[in-house]
Amino acid sequence: MRTFYIFKINKEFKIITKNKPYNLYLALDNIHNMDRSDVLLATRLYEEVCDKNDVISLNMSIFNHLSESDYYTKFNNAHIINNYFTDESSKLTVNKTYLKLKSTLNNPTFFETLKNIPNLFVVDFTSRDYFWLS
């Protein structure tokens, strides 16, 4: 099972890192691995790099896009796909500061759903994998 963190990068950082996503990955990885005693610094750095999500509109957008699917369910801020034909079990949790996607697939259905949202950057900190989604 893979865990992807999806961040909404602000426009200035996207321009700077569009062709060098490794630098953006390093910045997010450093924030992710900061000591708890440096939480204020980590928060400031994060706010410089990322924008916050509009949780309500994002939840509605995802719901409207997937509501016709037999494999889709939603509860609060959690969107779940269980497709036994493709062996996909994915859960997307919408938070104000990031999206968290746990999936059995390397390319889950939620990537297709989210690709039209601008400035999304996906990171799997465990596998050291990162890419622009949009």
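Which residue in E6 is the bridge partner of Tyr 5? In this predicted model, that spot goes to Lys 100. The pairing belongs to a run of five bridges that tie strand E1 to strand E6 (residues 99-103), with the two strands antiparallel.

Tyr 5 also has a partner in E7, namely Val 123. Here E1 lines up with strand E7 (residues 120-124), again antiparallel, through four bridges. Strand E2, a short stretch covering residues 50-51, pairs with E1 as well, in the antiparallel sense and over two bridges. In that pairing, Asp 51 of E2 sits opposite Lys 8. As for cover, E1 itself (residues 2-9) is mostly tucked away, with seven of its eight residues buried.

Stepping back to the whole protein chain, the count is five helices and eight strands. Read from the N terminus, they come in the order β-α-α-α-β-α-β-β-β-β-α-β-β. The radius of gyration is 15 Å, close to the 14 Å expected from the globule rule for 134 residues, so the chain is as compact as a globular protein of that length. Its C-alpha trace spans about 45 × 30 × 30 Å along the principal axes.

Of the 134 residues, 38% count as buried. Among contacts with a separation of 6 or more, 54% come from residues 24 or more positions apart. On the outside, the accessible surface adds up to about 8300 Å², and carbon and sulfur atoms account for 52% of that. As for charge, the chain carries 16 positive and 15 negative charges, and the mean positions of the two sets lie 3 Å apart.

Technical notes:
Residues numbered from 1 in each chain as written. Predicted model: local features only at pLDDT ≥ 70, side-chain atom pairs only at ≥ 80, totals over all residues. Heavy atoms only, no water. Buried < 20%, exposed > 50% of the residue type's maximum accessible area, 1.4 Å probe, protein only. Pairing = 2+ DSSP bridges. Rg over C-alpha atoms; globule rule 2.2 N^0.38 Å. Contact = heavy atoms within 4.5 Å. Areas by Shrake-Rupley, 256 points an atom, 1.4 Å probe, with all protein chains shown as cover. Lys, Arg positive; Asp, Glu negative; His and termini not counted. Charge placed at Lys NZ, Arg CZ, Asp CG, Glu CD.
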